[in-house]
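Please work through the exercises below with the sequence and the coordinates at hand. Each task is followed by a solution in steps.

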Amino acid sequence: DLVEEAAQFPYKEGSGIQDYLPHHIVGNPERLREIGEDLRNGKVVVIEDAFPVEMADAMWETIHDAKYTLHEDYLDDGFHYSHHNVYNRAHFTEFMNATLDMFDSETSKAFMSELTGRDCDGDTIATASHYVPGDHSLPHTDHLGQRTVAFVWHLSADWRPEWGGALYWCSEHNEHAYVHASYNTLTLFSVSEDSAHFVTTVSRHAEEKRLAFNGWYHSAWVPHPDDPLEDLIATPEQRARLTYDQADYIREMLDEGWLEEDRHEAVEKHFASLESEWFLSPLFKRVVY
């Protein structure tokens with residue numbers, strides 16, 4: 001029944017996310033430029049009333065009573081999380097799969113790449129999430145694998161801020177750092193070592209469900225010794241756009257001596273700058289007195 005309800009909002013064949021975002025945004029080059037600049041500068045972008053209400057209602061219908069599985073972990077560095085998700089596409093409803101296909105369409109990825117300045121040509125991965133009372137996620141960056149851009153489509157109907165479940169953007173001034181759970185709001189950010197954020201604990205007093213459809217765009221580029229790496233990571237802006245895996249591949253090339261001597265020296269110099277910029281160098285380890 002949920003799938004039949006959701007199917008009342010059919011996606012147009014070959015359409016992308018830009019076909020459903022508000023016209024006052026996608027039809028306004030200056031507004032798109034401002035959004036792109038904010039994303040490039042490490043800010044979180046929040047778009048209210050992001051999609052047609054019929055589309056939001058259809059997604060809410062299909063994820064409201066989905067069969068969620070608890071995902072939690074508690075690490076020895078103090079990081080831990082607890083939330084409920086539907087990760088496996090085999091367990092998605094028809095409409096969830098159709099929505100992910102739309103987010104993953106070539107037109108969507110081209111739009112997101114141009115908007116953010118990041119490579120979004122890889123696979124797009126998403127999950128339905130339900131944060132029940134007590135669920136949370138401590139500060140983290142999402143900087144894993146080939147992730148480049150994160151999206152969170154908030155679908156928490158009649159939510160109240162005092163119930164928690166907010167995305168807290170760590171680099172923002174406290175007064176503006178909370179992105180409260182809401183309905184039909186799209187949150188975007190560029191994934192990097194600086195995209196630290198967390199999800200505040202959902203209160204035991206919450207009377208509604210904290211729901212979202214969220215995921216990541218990924219880069220398709222895997223560095224190769226024949227690539228002009230000395231040119232591709234020459235500036236701080238270029239290095240900031242590297243995914244975690246791309247940096248790891250380049251580090252492996254240097255460690256294994258896969259580059260010619262003259263190129264090795266140039267790439268190693270740029271990579272040393274990357275380690276400083278990402279605070280990976282031993283020089284930047286915390287000192288405890």
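The exercises that follow concern a predicted model.

**Exercise 1. Packing of two helices**

Task: Determine how helix α3 and helix α6 are oriented to each other, and which residues meet.

Solution.
Step 1. Helix α3 comprises residues 29-40 and helix α6 comprises residues 106-116. Their axes are 7 Å apart and enclose an angle of about 70 degrees.
Step 2. Angles of 65 to 115 degrees count as roughly perpendicular. The helices α3 and α6 are therefore roughly perpendicular to each other.
Step 3. On the α3 side the contact involves L32, I35, G36, L39 and R40. These meet F111, E114, L115 and T116 in α6.
Step 4. By class, the residues of this contact of α3 with α6 divide into 5 nonpolar, 2 polar and 2 charged.

**Exercise 2. Strand β6 and its partners**

Task: Establish which strands pair with β6, in which sense, and whether β6 is buried or exposed.

Solution.
Step 1. Strand β6 spans residues 147-155. With strand β11 (residues 210-218), β6 pairs in the antiparallel sense over 7 bridges.
Step 2. With strand β9 (residues 183-190), β6 also pairs in the antiparallel sense, over 7 bridges.
Step 3. Individual bridges fix the register. F151 has G215 as its bridge partner in β11. V149 has Y217 as its bridge partner in β11, and S190 as its bridge partner in β9.
Step 4. A residue is buried if its relative accessible area is under 20%. In β6, 9 of the 9 residues are buried, so the strand is largely enclosed by the rest of the structure.

**Exercise 3. Strand β11**

Task: Find how strand β4 pairs with β11, and how many residues of β11 are buried.

Solution.
Step 1. Strand β4 (residues 125-131) pairs with β11 in the antiparallel sense over 7 bridges. Within this pairing, A128 stands opposite F213 in β11.
Step 2. Strand β11 also pairs with β6, again in the antiparallel sense and over 7 bridges.
Step 3. In β11, 9 of its 9 residues are buried, and the strand is mostly covered.

**Exercise 4. Two buried residues**

Task: Locate A58 and G165, and describe the surroundings of each.

Solution.
Step 1. A58 lies in helix α4, which covers residues 53-64. Its relative accessibility is 5%, so A58 counts as buried.
Step 2. A58 and F9 are separated by 49 residues in sequence, while their C-alpha atoms are 6.7 Å apart in space.
Step 3. G165 lies in the loop between β6 and β7 (167-169). Its relative accessibility is 0%, so G165 counts as buried.
Step 4. Leaving aside neighbours within four places in sequence, G165 is in contact with A181, V199, T200, T201, V202 and R210.
Step 5. L70 and G165 are 95 residues apart in sequence and 16 Å apart in space, C-alpha to C-alpha.

**Exercise 5. Cysteines**

Task: State how many disulfides the whole structure has, and classify C120 and C170 by accessibility.

Solution.
Step 1. A disulfide requires a pair of cysteine sulfur atoms within 2.5 Å. The search of the whole structure finds 0 disulfides.
Step 2. C120 has a relative accessible area of 0% and is buried.
Step 3. C170 has a relative accessible area of 33% and is partly exposed.

Terms used: Residues numbered from 1 in each chain as written. Predicted model: local features only at pLDDT ≥ 70, side-chain atom pairs only at ≥ 80, totals over all residues. Heavy atoms only, no water. Helix = DSSP H or I, 4+ residues; strand = E, 2+ residues; numbered from the N terminus. Buried < 20%, exposed > 50% of the residue type's maximum accessible area, 1.4 Å probe, protein only. Axes fitted to C-alpha atoms, helices over the stretch in contact; angles between N-to-C directions. Parallel < 35°, antiparallel > 145°, perpendicular 65-115°, else oblique. Contact = heavy atoms within 4.5 Å. Nonpolar A, V, L, I, M, F, W, Y, C, P; charged D, E, K, R; others polar. Pairing = 2+ DSSP bridges.
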